[in-house]
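Biologist: Could you take me slowly through a single part of this structure, explaining each term as you come to it?

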Amino acid sequence: KVWAKGREWFRIDILHGRGRQIPERFQSGVDEAARENLTKDFESTVLKKGLVNNYPMILWQTSATLNNGSKVFNLFLYIEGNDAGYWINRRWLNLNISQADKESWVKYLSSISVCDSRSAEHPCPIREGTRPVNYSDMTNTVPK
């Protein structure tokens, strides 16, 4: 899914199969591809790494000059889930980002989590009144 407005975008990719990697390897691959193919003056900084809901994650920022001369700033979040990798990208092209905007987006990205209703190790939050008490029984039943 992509949200785009002018020279900004917010993108979410769910990477199944071979797209799922350990976070540091994923970050390294994204950064290396940018260095080799798209940019000069490339800088990458890890902002946070560790666990979110017991899943490995990494949050990092990049800035660079694209080959066409455009300046780009990215915030990336990658979470390694059980069945997929979850990659979120907030990008600004040729825009000056205030420290307050950057901090707001880092805080938002830091709040994103992945859950698995099949696992007590990665619980899904259930808000009162949003799902029936027997929701998992209902979703795991195949009608005859």
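Modeller: What follows is a close look at one strand and the loop that leads into it.

This is a predicted model, in which local features need pLDDT of at least 70 and side-chain atom pairs count only at pLDDT 80 or more, while totals for chains, interfaces and linings use all residues. Residues are numbered from 1 along each chain as its sequence is written, and side-chain values use heavy atoms, with hydrogens and water left out.

The loop between β3 (39-52) and β4 holds Asn-53, and Asn-54 lies in that loop as well; helices (H or I, at least four residues) and strands (E, at least two) are DSSP runs, numbered from the N terminus. Most residues other than glycine have a negative phi. Asn-53, however, has a positive phi near 50 degrees, and Asn-54, which is not a glycine either, has a positive phi of about 70 degrees. Asn-53 counts as partly exposed because its relative accessibility is 22%, and Asn-54 is also partly exposed, at 42%; buried means under 20% relative accessible area, exposed over 50%, and partly exposed in between (1.4 Å probe, protein chains only).

Strand β4 covers residues 55-66 and includes Leu-59, which is buried because its relative accessible area is 0%. Leaving aside neighbours within four places in sequence, Leu-59 is in contact (heavy atoms within 4.5 Å) with Val-46, Leu-47, Lys-48, Phe-76, Leu-77, Val-106, Leu-109 and Ser-110. The C-alpha atoms of Leu-59 and Leu-75 are separated by 7.4 Å, and these two residues are 16 residues apart along the chain.
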